[in-house]
Amino acid sequence: MQLSRRDVLKLAALAGLSTWLQACGSNDAVDDEEDVSAELGTSQPSLAKPRILVVGAGIAGLAAAAKLQQSGYSVQILEGRERIGGRIWTSHSWDDLPVDLGASWIHGVEDNPITALADQASITRAPTDYENSVVYDQRGAELSDTQVEQLERQLGQLMEAVAELVENTDDMPLATALQQVLAELPDKPDQATLNFSLNTVIEHEYAADAEELSAQEWDSGAELDGGDVIFPGGYDQVLEQLTAGLRISTAQHVSAIDYTAAPVRVTTDKGVFEAEKVIVTVPLGVLKHASIMFTPALAASKARAIELLGSGLLNKTWLRFPSAFWPREPEIINSIDAQKGRWAEFLNIYHYVDKPVLLGFNAGAYARMLEQLSDAEIISDCMSVLRTLYGADIPEPEAWQITRWGSDEHAFGSYSFVGVGATEALRDTLAAPLDGRLFFAGEATSREYPATVHGAYLSGLRAAEEAMQL
Ligand SMILES: Cc1cc2nc3c(=O)[nH]c(=O)nc-3n(C[C@H](O)[C@H](O)[C@H](O)COP(=O)(O)OP(=O)(O)OC[C@H]3O[C@@H](n4cnc5c(N)ncnc54)[C@H](O)[C@@H]3O)c2cc1C
């Protein structure tokens with residue numbers, strides 16, 4: 001009888017040999033090992049006794065694990081989903097077009113570690129020229145370049161006035177500060193147009209409404225230069241640069257972490273894992289939901305950081321039409337609507353890959369409202385906006401892919417923001433290690449580059465360094 005690798009692992013586990021097998025076995029043992037631990041459950045805990053466990057196989061967790069492995073540590077990743085990548089999520093359900101449902105861009109290509117990863121593997125990228133856009137008013141008429149420039153200038157001036165206003169006041173919602181500035185102006189701007197600028201320039205980027213954002217620190221964090229690029233072939237190509245040889249166990253939903261003493265015990269729905277140190281990379285939204293029970297409870301300062309930092313919402317709707325009824329040239333298609341936040345921005349995929357596809361974005365309150373609707377209702381709402389821009393006769397989409405990051409149990413939001421009363425310093429508190437055994441990474445822990453792929457990546461490297469030193 002020929003024993004499969006799965007059978008060998010099962011026998012080895014029962015004989016307490018799994019660590020040995022993993023040490024000398026190939027790293028493709030991942031799936032087999034999951035099955036074994038699932039079957040043995042808690043009665044045979046901690047099949048693997050890696051020195052360091054990483055919770056979450058998003059870019060932060062992968063970066064941390066890759067660094068630890070390169071440094072000679074025994075490391076294993078426990079990932080709750082059946083896939084890796086977290087908020088980098090490329091759907092391949094359309095045969096001819098990879099679709100990014102999470103991150104799309106490298107924000108600022110210069111000195112960006114994601115650029116370095118993409119360079120190593122010669123992954124094709126396409127720059128986005130945000131100036132190459134078209135803006136339609138509420139009746140579907142195109143704004144002139146001068147009108148668009150005026151909108152940008154207007155928002156810039158208002159935000160400068162807001163910054164001056166809040167310099168010597170307590171924090172308040174960005175929307176409140178803006179209202180106070182507007183109240184002093186003799187000529188008020190058109191509300192729908194101002195809402196549009198606010199929504200597309202600020203609320204989409206920070207995944208939160210002006211009512212939620214801190215007037216003092218909404219734009220904290222640094223930006224890299226060099227412009228933005230997308231991956232026409234999918235962001236997941238970047239992940240492949242990190243996963244080689246890593247031991248990743250998917251479908252391991254972590255529910256508890258006991259770091260009272262070494263070894264730290266990590267409980268998943270399949271069993272218990274032990275390690276001397278654990279790096280937690282789950283999103284802020286997951287921490288806010290208290291999906292993982294920490295023993296002892298997280299320090300009060302960390303709990304406060306989790307409470308005060310915001311987990312924002314940006315959702316994507318990919319629409320595929322039988323043919324393109326919109327212009328190919330503009331990269332960004334904008335719509336001013338009477339209702340704030342309603343389908344204000346589309347990325348024109350047709351421009352990049354010559355396929356009749358649009359990608360719509362919604363953020364904050366409007367995105368939260370849409371998430372409660374069915375696909376058909378979301379498409380209907382979107383089509384009514386597109387009909388205002390391109391006429392009643394445009395065809396219905398033949399396919400679509402819609403994200404609901406807010407109700408995703410492994411994210412509970414798209415990315416973090418600094419809410420009213422919070423400060424960027426709370427990100428350091430969130431990142432701080434506990435008892436030399438528990439370490440934290442993920443985009444929300446990055447004070448310098450929050451809400452980005454590169455920020456998450458760098459946070460993973462930082463946590464790996466900490467785990468190696470402490
Ligand atoms: C719609 C959208 C668009 C975006 N656009 C961009 C962009 O264009 N450019 C950019 O730079 N950034 C963008 N971002 C942000 C970027 O995707 C994130 O900052 C980054 O991917 C976060 O990586 P991470 O490793 O911190 O978290 P994640 O990728 O979320 O990784 C955390 C992992 O933990 C897992 N997990 C959660 N709970 C558990 C549990 N209980 N047990 C086990 N595992 C668990 C998750 O499944 C996940 O795999 C976007 C995000 C979204 C949602």
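In the predicted model described here, Asp96, Arg320, Lys355 and Glu398 are linked in a network of salt bridges. Within this network, the side chains of Arg320 and Glu398 meet at a distance of 4.0 Å from N to O. The pair connects distant parts of the chain, since Arg320 belongs to strand β16 whereas Glu398 sits in the loop between α14 (375–390) and β20 (399–402), 78 residues apart. The two partners differ in their surroundings: Arg320 is buried, with a relative accessible area of 13%, while Glu398, with a relative accessible area of 52%, is exposed.

The search of the whole structure finds 22 salt bridges, and two further examples involve residues in or following helix α8. In one of these, Glu203 pairs with Lys340, and the closest N and O atoms are 2.8 Å apart. This contact again links distant parts of the chain, with Glu203 placed in helix α8 and Lys340 in the loop between β17 (332–335) and β18 (345–348), 137 residues apart. Glu203 has a relative accessibility of 1% and therefore counts as buried, whereas Lys340, at 25%, is partly exposed. In the other example, Arg368 forms a salt bridge with Glu212, the closest N and O atoms being 3.4 Å apart. Because Arg368 lies in helix α13 and Glu212 in the loop between α8 and β8 (228–230), this pair ties together parts that are 156 residues apart in sequence. Here both partners are partly exposed, Arg368 with a relative accessible area of 36% and Glu212 with one of 23%.

Helix α8 itself spans residues 191–206 and is bent by about 40° at Asn199. The helix is mostly covered, in that 13 of its 16 residues are buried, and Glu203 is one of the residues in this helix for which burial can be stated individually, at 1% relative accessibility. Just after the end of α8, Ala207 adopts a positive phi of about 60°. Another helix, α7 (residues 174–183), contains Leu174, which counts as buried at 0% relative accessibility. The C-alpha atom of Leu174 is separated by 9.3 Å from that of Gly419, although the two residues are 245 residues apart along the chain.

Arg368 also takes part in the lining of the second largest pocket, together with Gly285, Lys288, His289, Ser311, Gly312, Leu313, Glu371, Gln372, Gly406, Phe412 and Gly413. The space in this pocket amounts to about 180 Å³. At least two lining residues are supplied by each of α10 (284–288), β15 (309–312) and α13 (364–371). When the lining is divided by class, two residues are nonpolar, seven are polar and three are charged. The pocket lies between domain 1 (5–86 + 235–310 + 417–469) and domain 2 (90–130 + 227–233 + 311–407), because both domains give residues to its lining.

Enclosed spaces were examined as well, and the structure holds five cavities of 30 Å³ or more. The largest cavity, with a volume of about 120 Å³, is lined by Leu97, Pro98, Asp100, Ser104, Ile230, Phe231, Pro232, Trp318, Leu347, Ile349 and Val353. Nine of these lining residues are nonpolar, one is polar and one is charged.

The second largest cavity holds about 70 Å³ of space, and its lining consists of Asn315, Thr317, Trp343, Asn362, Ala367, Leu370, Glu371, Ile378, Ile402, Thr403 and Arg404. The elements that contribute two or more residues to this lining are β16 (314–320) and α13, and the largest share, three residues, comes from α13. By class, the lining of the second largest cavity comprises five nonpolar, four polar and two charged residues. Helix α13 thus recurs in several of these features: this helix supplies residues to the lining of the second largest pocket, gives the largest share of the lining of the second largest cavity, and carries Arg368, the partner of Glu212. Glu371 is listed in the lining of the second largest pocket and also in that of the second largest cavity. Strand β16, in turn, contributes to the lining of the second largest cavity and holds Arg320, one of the members of the salt-bridge network.

Conventions: Residues numbered from 1 in each chain as written. Predicted model: local features only at pLDDT ≥ 70, side-chain atom pairs only at ≥ 80, totals over all residues. Heavy atoms only, no water. Bend = angle between axes of the 7 residues up to and from the residue. Helix = DSSP H or I, 4+ residues; strand = E, 2+ residues; numbered from the N terminus. Buried < 20%, exposed > 50% of the residue type's maximum accessible area, 1.4 Å probe, protein only. 1 Å grid on protein atoms, 1.4 Å probe; cavity = no way out; pocket = protein on both sides within 12 Å on 5 of 7 lines; lining within 4 Å. Points joined across faces, edges and corners; volume = space filled by probe spheres on them. Nonpolar A, V, L, I, M, F, W, Y, C, P; charged D, E, K, R; others polar. Domains from an automatic or database assignment.
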